[in-house]
Structure formats: structure tokens, C-alpha cells
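Work through the exercises below with the sequence and the model open. Try each task before reading its solution.

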Amino acid sequence: DNIAERLQSGFFITVDILLLAASVFHALNGTRMVLLDYFFKDLARRRILDLALLVFGLAAFVYGLWALWPWITT
């Protein structure tokens with residue numbers, strides 16, 4: 001109940017959305033760095049990896065927004 005009350009504030013919704021974006025970016029950037037160090041040496045494969053991580057990151061962000069949607073729309 002405490003979290004639901006807090007999420008009714010526009011400030012906390014904004015903070016949660018920014019935190020979601022930062023955490024998705026941080027996780028995928030770390031994954032990218034590890035994969036580039038060990039597996040993806042040429043430029044073409046790096047671009048494919050970047051595109052795949054971008055699509056996955058956008059999907060994860062949209063999924064996170066979907067979870068917050070009941071509080072965003074109130």
C-alpha cells in the first residue's frame with residue numbers, strides 16, 4: 001500500500017521511469033562490453049550486436065512501462 005501511495009505522485013513516476021531507463025542501459029551496456037571483449041571482433045558483427053541489444057533494450061523498457069502503466073494513467 002505504501003508503494004501504491006507513493007506511485008500516485010508524478011515525481012515518483014518520473015523517478016521510476018528514469019531509473020528503469022538507466023538500469024536497462026546499464027545492464028545492456030555491461031553485457032555489450034563483455035561480449036565485445038570476448039566474441040565480437042569485427043565491425044559488422046559489432047553493429048549486429050548493437051542492433052540486437054537496442055531492440056532488446058527497447059522491449060525491456062516497454063515491458064517496464066507496461067508494469068508501471070496502472071500508476072501512470074491515474
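A nonpolar core is a set of buried Ala, Val, Leu, Ile, Met, Phe, Trp, Tyr and Cys residues joined through side-chain atoms within 4.5 Å. Buried means under 20% relative accessible area, exposed over 50%, and partly exposed in between (1.4 Å probe, protein chains only). The model is predicted: local features need pLDDT of at least 70, side-chain atom pairs count only at pLDDT 80 or more, and totals for chains, interfaces and linings use all residues. Residues are numbered from 1 along each chain as its sequence is written, and side-chain values use heavy atoms, with hydrogens and water left out.

**Exercise 1. The core**

Find the residues of the largest nonpolar core and the elements that supply them.

Solution.
- Step 1: list the members. The largest nonpolar core has six residues: L20, V24, L28, L36, L49 and L53.
- Step 2: assign them to elements. α2 (10-38) and α3 (43-72) each give two or more residues to this core. Helices here are DSSP runs (H or I, at least four residues), as strands are (E, at least two), numbered from the N terminus.
- Step 3: weigh the shares. α2 supplies the largest, with four residues.
- Step 4: set this in context. In soluble globular proteins, nonpolar side chains tend to be buried together.

**Exercise 2. Helix α2**

Compare the span of α2 with its expected value, then state which of its residues are buried.

Solution.
- Step 1: take the span. From first C-alpha to last, the 29 residues of α2 reach 43 Å.
- Step 2: take the expected value. The rule is 1.5 Å times one less than the number of residues. For α2 that gives 42 Å, and the model is close to it.
- Step 3: pick out the buried positions. They are I13, L20, V24, L28 and L36.
- Step 4: find their partner. The buried residues of α2 pack against α3.
- Step 5: look at one of them. Beyond four places in sequence, L36 touches K41, R46 and L49. Contact means heavy atoms within 4.5 Å.

**Exercise 3. The pocket**

Describe the volume and lining of the largest pocket.

Solution.
- Step 1: fix the term. On a 1 Å grid over the protein atoms alone, a pocket is an open set of points where a 1.4 Å probe fits, with protein on both sides within 12 Å along at least five of seven lines; lining residues have an atom within 4 Å of a point.
- Step 2: give the volume. The largest pocket holds about 210 Å³ of space.
- Step 3: name the lining. V24, F25, L28, N29, R32, D50, L53, L54, G57, L58 and F61 form it.
- Step 4: divide by element. α3 gives the largest share of the lining, six residues.

**Exercise 4. Two lining residues**

Are F25 and R32 buried, partly exposed or exposed?

Solution.
- Step 1: F25, in helix α2, counts as exposed because its relative accessibility is 58%. The C-alpha atoms of F25 and G57 are separated by 7.3 Å, with their positions 32 residues apart along the chain.
- Step 2: R32 also has its place in helix α2. R32 is partly exposed, because its relative accessible area is 23%.
- Step 3: leaving aside neighbours within four places in sequence, R32 contacts L49, D50 and L53.

Technical notes:
Grid points are joined across faces, edges and corners, and a volume is the space filled by probe spheres set on the points.
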